[in-house]
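Q: Please take a close look at one part of this predicted model: its nonpolar core. Then work outward from there.

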Amino acid sequence: DFGPPRILVNGDEVRPRIAKTYELLAYLMTKEGSAATRDELLAALFDARADESTRAYLRQAIRWLRRVLPDPDAVLTEGGRVSFAPSVSVSSESTRFEVSLAQVARLQGEARRAATLEALSIYERGEYLAGVRSNWSDERRERLTQLAADARYEAGELAFAAERYDEAAQLARRALADDPFRETAWRLLMRVANVMGDENGVVRA
């Protein structure tokens, strides 16, 4: 889901005819238990429009999600809720990115720096759900951007501690590209410039 959205089933891409199916799948994977009520789906995917047209479009998106999966019973619609059957295993790049960053917090030093960069490589495959615009996707995109900026800054600090000064500066700049008001990243740039003997760089920062 970083870059143009794609659905892979056992490694092979499948293509539903309705673009909303991609967003439906992405949204379900952000919910606990990969389940949501129809009202939640209408609010998220259609910006709270709950007329007959949006309900019909949601039904079509669900139908196409069922059609592209190998088991037609993989998607359950019971009691006004949409969910995956317990036997279905689903994952996304964005959820793997979040899980990877959570696991990084248990590490220290060089192992933490390397694991953070590996997690960031997932995020850097492209914009989250490129081309999709809705309130929930915009909010999730912003959250992921903030997580990436935090991770880049932290990796920059670890790189600085390991005397990888060029890498530290690059990571600080990338964090600032996402969050120009991150004072700690500006300070990191100043420290890198100072240790490199670049007085003008300190002043510029």
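A: The largest nonpolar core has 42 residues. Within this core, L24, L41, L65 and F97 touch the most other members. Many elements feed into it. Two or more residues come from each of β1, α1, α2 (38–45), α3 (52–68), β5 (81–84), α4, α5 (109–123) and α6 (135–161).

Take L65 as a sample of the packing. Setting aside neighbours within four places in sequence, L65 contacts T21, L24, L25, L28, V75 and F84. L24 is thus named twice: as a contact of L65 and among the core members that touch the most others.

A second core stands separate, with 13 residues. Among them are A159, A169, A175 and L189.

Now the pockets. The largest has a volume of about 690 Å³. Its lining has 27 residues, and R6, I7, L8, V9 and S91 are the closest to its centre. β1 (7–9), α1 (20–28) and α4 (93–104) each give at least two lining residues. These three elements also supply the largest core. By type, the lining splits into 16 nonpolar, 5 polar and 6 charged residues.

The second largest pocket holds about 250 Å³. It is lined by 13 residues, with A169, R173, L189, A193 and D198 nearest its centre. A169 and L189 also belong to the second core. At least two lining residues come from each of α7 (165–178), α8 (183–195) and α9 (199–204). The lining counts 8 nonpolar, 1 polar and 4 charged residues.

Charged pairs complete the picture. The model has 25 salt bridges. In one of them, E98 meets R143 at 3.3 Å, N to O. E98 sits in helix α4 and R143 in helix α6, so this bridge ties together parts 45 residues apart in sequence. E98 is buried, at 19% relative accessible area. R143 is partly exposed, at 46%.

Helix α6 takes part in further bridges. D150 pairs with R182, their closest N and O atoms 2.6 Å apart. D150 is in helix α6 and R182 in the loop between α7 and α8, 32 residues apart. D150 is partly exposed at 27% relative accessibility, while R182 is buried at 10%.

R152 pairs with D178, again with closest N and O atoms 2.6 Å apart. R152 belongs to helix α6 and D178 to helix α7, so the pair joins parts 26 residues apart in sequence. D178 is partly exposed, at 29%; R152 is buried, at 5%.

Finally, E110, R113, R164 and E167 form one network through salt bridges that share partners.

Conventions
Residues numbered from 1 in each chain as written. Predicted model: local features only at pLDDT ≥ 70, side-chain atom pairs only at ≥ 80, totals over all residues. Heavy atoms only, no water. 1 Å grid on protein atoms, 1.4 Å probe; cavity = no way out; pocket = protein on both sides within 12 Å on 5 of 7 lines; lining within 4 Å. Points joined across faces, edges and corners; volume = space filled by probe spheres on them. Helix = DSSP H or I, 4+ residues; strand = E, 2+ residues; numbered from the N terminus. Nonpolar A, V, L, I, M, F, W, Y, C, P; charged D, E, K, R; others polar. Core = buried A, V, L, I, M, F, W, Y, C linked by side-chain atoms within 4.5 Å. Buried < 20%, exposed > 50% of the residue type's maximum accessible area, 1.4 Å probe, protein only. Contact = heavy atoms within 4.5 Å. Salt bridge = Lys/Arg side-chain N within 4 Å of Asp/Glu carboxyl O.
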